[in-house]
Amino acid sequence: MISSLTTISAPPAPQGEARYRIRGGEPVVGQIRALGAKNFTTKALVAALLGTSPTCLTNVPPIGDVAITREMLVAIGVRVTAEGDALTIDPAALASAQVPIPDSGSNRIPILLLGALLHRFDEVAVPVLGGCRIGERPVDFHLNAIEQFGGIVSTTAEGYLARRRGRLRGTQIKLPYPSVGATETCLFLSVLAEGRSVIANAAIEPEIIDLITMLRAMGAVIFTSAGREIRVEGVPQLWGTRMPILGDRIEAASWACLAGASDGDITVTGINPNNLGNFLAYFQQVGGGFELLDNDSVRFFRRGPLQPTVVETDVYPGFSTDWQQPFAIMLTQANGISIIHETVYENRFGYLKALNALGANTQLTTHCLGGLPCRYRDANHEHSAIIVGPTPLYAEGHEITIPDLRAGLAYIIAAAIAHGTSFIRGVPMLERGYGDVVPRLARMNLKIERIWEA
Ligand code: EPU
């Protein structure tokens with residue numbers, strides 16, 4: 001069970017605008033639990049629709065994205081009940097395949113519902129997608145996959161429509177890029193399709209591996225092999241299962257960066273260190289240290305002065321694009337010039353400008369400052385950052401507005417190390433992905449409050 005502060009619902013409805021007030025400048029010390037992974041929970045909610053009996057998810061985080069997904073499921077007839085940190089999803093009464101736009105916001109999940117629901121209905125309509133504006137984020141791989149499995153798709157003013165005649169058929173598909181979402185769509189399509197499917201160049205993020213485990217527990221026959229190839233033998237029916245949600249590796253790395261940036265000492269519980277992969281190598285390379293306390297808790301601290309580095313974001317097992325923002329804050333405190341080459345999204349450095357206002361010295365360029373093959377090499381996107389450190393940060397009542405979810409947490413880290421008081425606006429964006437963030441951080445020694453502006 002999680003703390004009494006936690007309920008699986010959207011953050012409280014705003015009366016005016018919520019902001020965070022942070023008084024920073026001290027090392028952050030203490031213990032914090034990584035909640036269940038956002039980027040698995042919402043997918044597990046979709047997977048549960050493929051079963052003929054209820055599924056129970058545990059360690060579900062109290063975040064906005066779960067509330068949005070839940071609202072979509074309930075709107076099409078699915079029964080979702082919460083108890084403590086568990087959600088039970090009963091798809092028996094699933095009655096409609098016209099997914100509405102949720103009142104509580106929008107996220108990337110509708111496109112996953114398009115493929116999953118097509119097993120149950122001849123025609124499925126889902127709304128346009130929300131989520132963070134960190135690039136164009138097309139969905140062509142998803143739509144092409146549905147067509148390859150025998151569906152017919154069209155784009156409408158309201159969103160996307162998929163139709164089928166007869167059962168979907170297994171196919172061989174090679175993704176143009178190892179997209180997380182498109183791999184999930186292919187898994188949802190293939191597990192109940194007729195015959196064998198092969199998904200080549202698939203994503204292999206820990207959340208995908210857990211999705212495969214969950215689908216196997218529901219009766220799916222899925223084989224993984226060396227390389228990025230997944231083979232699925234379609235079955236006529238799946239059933240419900242129990243599935244614990246893995247700890248959020250993005251959150252865990254962010255708390256590590258908070259320890260490194262503030263010269264603090266933070267123990268993160270609820271995280272499998274294996275899922276932090278190369279983050280641990282980069283963290284050590286820049287002067288961070290860690291100690292494994294048991295198989296799901298890791299203590300993070302600094303071993304000495306921070307050193308600069310060159311990082312390129314990549315698909316797993318590379319350095320995650322979702323680790324980039326908190327790591328950049330830590331690099332503002334390193335002794336020298338660091339470089340980050342973002343190769344996953346073309347527009348994920350929007351948050352750096354606000355950091356410069358606090359005293360950071362960062363600059364963006366359209367050039368690829370790295371050696372990885374990059375889809376943005378000949379385009380005009382500012383996708384490489386140069387960070388010159390160390391720069392102490394100062395806040396004199398500065399207000400910073402969160403441009404996207406991960407940048408939001410980076411701003412919290414920046415405000416935590418900045419001397420003085422900062423105000424962070426746009427917190428509903430952050431709370432789509434981070435639950436109980438204020439009480440959890442305040443239980444360490446960070447002076448953070450959620451305040452309301454009339
Ligand atoms: N792409 C296409 N066409 C497609 C699908 C993807 O060109 O049809 C491109 C994207 O534009 C991007 C790249 O492929 O350049 C990778 O996108 P991917 O499909 O892997 O991303 P996603 O599934 O939409 C998930 C996470 C992201 C995370 C990425 C990469 C969720 C809900 N979102 O997005 O998380 O950054 O994988 O690991 O799982 C976040 O949590 O803040 C977040 C953005």
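**Figure 1. Packing of helix H1 against helix H5 in the predicted model.** Helix H1 covers residues 38-47 and helix H5 covers residues 180-191; their axes come within 11 Å and cross at roughly 20 degrees. That angle makes H1 roughly parallel to H5, since angles under 35 degrees count as roughly parallel. The crossing in which H1 passes H5 is right-handed. On the H1 side, the contact is made by Asn39, Lys43, Val46 and Ala47. On the H5 side, Val180, Glu184 and Phe188 take part. By class, this contact of H1 with H5 has 4 nonpolar, 1 polar and 2 charged residues.

**Figure 2. Packing of helix H4 against helix H5.** The axes of H4 and H5 are 8 Å apart, and the two helices pack at an angle of about 20 degrees. H4 is therefore roughly parallel to H5. Their crossing is right-handed. H4 contributes Phe141, His142, Ala145 and Ile146. These residues meet Gly181, Ala182, Thr185, Cys186 and Leu189 in H5. The contact of H4 with H5 divides into 6 nonpolar and 3 polar residues, with no charged ones.

**Figure 3. Packing of helix H3 against helix H4.** Helix H3 (residues 110-117) and helix H4 (residues 140-148) have axes that come within 10 Å and cross at roughly 5 degrees. The two helices are therefore roughly parallel to each other. Ile111, Leu112, Leu114 and Gly115 of H3 make the contact with His142, Leu143 and Ile146 of H4. Sorted by class, the residues of the contact of H3 with H4 are 5 nonpolar, 2 polar and no charged. His142 and Ile146 of H4 take part here, and His142 and Ile146 also meet H5.

**Figure 4. The cis peptide bond between Tyr316 and Pro317.** Omega of the bond that joins Tyr316 and Pro317 is about 10 degrees. Pro317 is placed in the loop between strand S17 and helix H9. Strand S17 covers residues 310-312, and helix H9 covers residues 324-331.

**Figure 5. The cis peptide bond from Gly389 to Pro390.** In the bond from Gly389 to Pro390, omega is near -5 degrees. Pro390 is found in the loop between strand S20 (384-389) and strand S21 (394-401).

**Figure 6. Arg137, a residue other than glycine with positive phi.** Phi of Arg137 is near 50 degrees. The loop that holds Arg137 runs between strand S6 (123-127) and helix H4, the helix whose packing against H3 is described in Figure 3.

**Figure 7. Asp263, which has a positive phi although it is not a glycine.** The phi value of Asp263 is about 55 degrees. Asp263 lies in the loop between helix H7 (249-262) and strand S14 (265-269).

**Figure 8. The annotated domain and the whole chain.** An unreviewed UniProt entry places the feature "domain: Enolpyruvate transferase" at residues 23-438. Across residues 23-438, the end C-alpha atoms lie 13 Å apart. Helix makes up 29% of this span, and strand makes up 26%. The chain as a whole has 13 helices and 23 strands. Its radius of gyration is 22 Å, close to the 22 Å that the globule rule gives for 454 residues, so the chain is as compact as a globular protein of that length. The C-alpha trace of the chain spans about 65 × 45 × 45 Å along its principal axes.

Key
Residues are numbered from 1 along each chain as its sequence is written. This is a predicted model: local features need pLDDT of at least 70, side-chain atom pairs count only at pLDDT 80 or more; totals for chains, interfaces and linings use all residues. Side-chain values use heavy atoms; hydrogens and water are left out. Axes are lines fitted to C-alpha atoms, for helices over the stretch in contact, and angles run from 0 to 180 degrees between N-to-C directions. Helices (H or I, at least four residues) and strands (E, at least two) are DSSP runs, numbered from the N terminus. Angles under 35 degrees count as roughly parallel, over 145 as roughly antiparallel, 65 to 115 as roughly perpendicular and the rest as oblique. A crossing is left-handed if the near helix is turned anticlockwise from the far one by less than a right angle, and right-handed if clockwise. Contact means heavy atoms within 4.5 Å. Ala, Val, Leu, Ile, Met, Phe, Trp, Tyr, Cys and Pro count as nonpolar, Asp, Glu, Lys and Arg as charged, and the others, Gly among them, as polar. UniProt positions are given in the numbering used here, feature names are shortened, and annotations may be inferred rather than shown by experiment. The radius of gyration is taken over C-alpha atoms; the globule rule is 2.2 Å times the number of residues to the power 0.38.
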